[in-house]
Amino acid sequence: MGTKVKPYEEKDSSKKEQVAEMFDNIAGRYDLLNHLLSGGIDRRWRKRAIKLISTVKPGSVLDLATGTGDFAIEALKTGANKIVGADISNGMLEIGRQKVKKMGVDNTIELVHGDSENLPFDNDSFDAVTVSFGVRNFENLPSGLEQMRRVLKPDGIALVLELTQPQRFPLKQLYGFYSRVILPFIGRIISKDKSAYTYLPRSIEAFPEGESFLEIMRKIGYLNCYQIKLSGGIAAIYIGRK
Ligand SMILES: C[S@@+](CC[C@H](N)C(=O)[O-])C[C@H]1O[C@@H](n2cnc3c(N)ncnc32)[C@H](O)[C@@H]1O
C-alpha cells in the first residue's frame, strides 16, 4: 500500500523500528523544525482540525502518533476532560511530557507509549480519535485505521490530518523543489539526521491521498467519510464516524 517506504532504506530493521529510531533521533529538534519548515502553517491546520472535533463535544480524546503532544495539547480546546496521547517514540513522548507538565495540564493529558497498530485500550473507549502527520508513518495503514475504529465509541469521530502533494501549477512545481531540495537541506543541518528529511517527501509521495484514502477508511467501516483540502492541497483533513 505504498506505506513501506522506510527512513533508513540501507538497514534491515522493520519500518516501525526505523520510524521510532528516527523520531528518537530528531525529538529534540522536532518542534523547531516542524514550525520552521512549514512556516508555522501547521498550527493553523491543527486549530482547524480541532475545531471540527469540538463540534461533537468529546469527553475523551485519543491522539495517536502524538509525538511531542502538540495535537493533544490543541485538543484541550474541545473541552474534553480526558486526553490520551500515544506514540512509539520514547524520545518524542519525553519532550511532550515536559511540555504538558510545564503547562500544568498533566491532569488532563496523559502521554503513553503505545503502537497505533496494536492499541492497549478497550473497545469503544473514546469519543474522538485523532492522528496528525502520523498515519503516513504506520507500518500497516489499514490495521492502524482498524484499531482507531475499534477503540472509538459508537458514533465517535476519527480525524486524520496528513500532508499531501499539490496537483496544480505553480504550487506543484514549487512544492516539488521545496520538498526535494530545501527541506532535506535545512532538515539535515538542524536535525543532524541525514535521512529524516529525505524520508519525509518520499513517504508523502508513496502515500494514498484524497479519494484513495477515503476509500480505505470506508472499506474499514467508517461512515460519513469526507475530506477537507488545506492550503492548495499541501495537507488534508479526513473525517469518518464509527
Ligand atoms: C511527524 S510525527 C507527528 C507528531 C504529532 N502528531 C504532530 O502533529 O506533531 C509522527 C509520529 O508518529 C509516531 N508513530 C509512527 N508510527 C507509529 C505507530 N505505529 N504508533 C504510534 N506512533 C507512531 C512517530 O514516533 C512520531 O512521533
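## Exercises on a predicted chain

The protein chain exposes about 11,100 Å², of which carbon and sulfur atoms supply 53%; accessible areas come from the Shrake-Rupley method with a 1.4 Å probe, and for residues only the protein chains shown count as cover. The model is predicted: local features need pLDDT of at least 70, side-chain atom pairs count only at pLDDT 80 or more, and totals for chains, interfaces and linings use all residues. Residues are numbered from 1 along each chain as its sequence is written, and side-chain values use heavy atoms, with hydrogens and water left out.

### Exercise 1. Overall form

Task: Compare the radius of gyration of the protein chain with that of a compact globule.

Solution.
- Step 1. Take the rule: 2.2 Å times the number of residues to the power 0.38, with the radius of gyration taken over C-alpha atoms.
- Step 2. For 242 residues, a compact globule would have a radius near 18 Å; the protein chain has 17 Å, so the two agree.
- Step 3. Add the extents: the C-alpha trace spans about 45 × 40 × 35 Å along its principal axes.
- Step 4. Add the secondary structure: the protein chain holds 8 helices and 7 strands. Helices (H or I, at least four residues) and strands (E, at least two) are DSSP runs, numbered from the N terminus.
- Step 5. Look at contacts, meaning heavy atoms within 4.5 Å. Among those between residues at least 6 apart in sequence, 71% join residues at least 24 apart.

### Exercise 2. Charges

Task: State how many positive and negative side chains there are, and how far apart the centres of the two sets lie.

Solution.
- Step 1. Count Lys and Arg as positive, Asp and Glu as negative; leave out His and the chain ends.
- Step 2. Place each charge at NZ of Lys, CZ of Arg, CG of Asp or CD of Glu.
- Step 3. The result is 35 positive and 29 negative side chains, with centres 6 Å apart.

### Exercise 3. The nonpolar cores

Task: Find which residues have the most contacts inside the largest nonpolar core.

Solution.
- Step 1. Fix the burial classes: buried is under 20% relative accessible area, exposed is over 50%, and partly exposed lies in between (1.4 Å probe, protein chains only). Buried residues make up 55% of the 242.
- Step 2. Fix the core: a set of buried Ala, Val, Leu, Ile, Met, Phe, Trp, Tyr and Cys residues joined through side-chain atoms within 4.5 Å.
- Step 3. The largest core has 47 residues, and Trp45, Ile109, Leu159, Leu161, Tyr197 and Ile237 have the most contacts inside it. Helix 1 (residues 15-37) gives the largest share of this core, 8 residues.
- Step 4. A second, separate core has 29 residues, including Phe121, Val151, Tyr222 and Cys225.
- Step 5. Zoom in on Tyr197. Beyond four places in sequence, Tyr197 touches Ile26, Leu33, Leu37, Leu183, Pro184, Gly187 and Ser191.

### Exercise 4. Ala49 and Gly232

Task: Is alanine 49 buried or exposed? Is glycine 232 buried or exposed?

Solution.
- Step 1. Locate them. Ala49 is in helix 2 (residues 41-54). Gly232 is in the loop between strand 6 (223-230) and strand 7 (235-241).
- Step 2. Classify Ala49: its relative accessibility is 0%, so Ala49 is buried.
- Step 3. Classify Gly232: its relative accessibility is 58%, so Gly232 is exposed.
- Step 4. List contacts beyond four places in sequence. Ala49 touches Phe71, Leu159 and Ile237. Gly232 touches Pro166 and Leu171.
- Step 5. Check C-alpha distances. Ala49 and Phe71, 22 residues apart along the chain, are separated by 9.3 Å. Gly232 and Lys172, 60 residues apart in sequence, are 9.4 Å apart.

### Exercise 5. Backbone and strand details

Task: Describe the peptide bond from Phe169 to Pro170, phi at Phe133 and Asp155, and the surroundings of Ser60.

Solution.
- Step 1. The Phe169 to Pro170 bond is cis, with omega near 0°. Pro170 sits in the loop between strand 5 (152-163) and helix 6 (171-191).
- Step 2. Phe133 has phi near 50°, positive in a residue other than glycine. Phe133 lies in the loop between strand 4 (126-132) and helix 5 (141-151). Its relative accessible area is 11%, so Phe133 is buried.
- Step 3. Asp155, a residue other than glycine, has a positive phi near 70°. Asp155 belongs to strand 5.
- Step 4. Ser60 is in strand 1 (residues 60-64) and, at 5% relative accessibility, counts as buried. Beyond four places in sequence, Ser60 contacts Ala80, Lys82, Ser125, Phe126, Asp127, Ala128 and Lys153.
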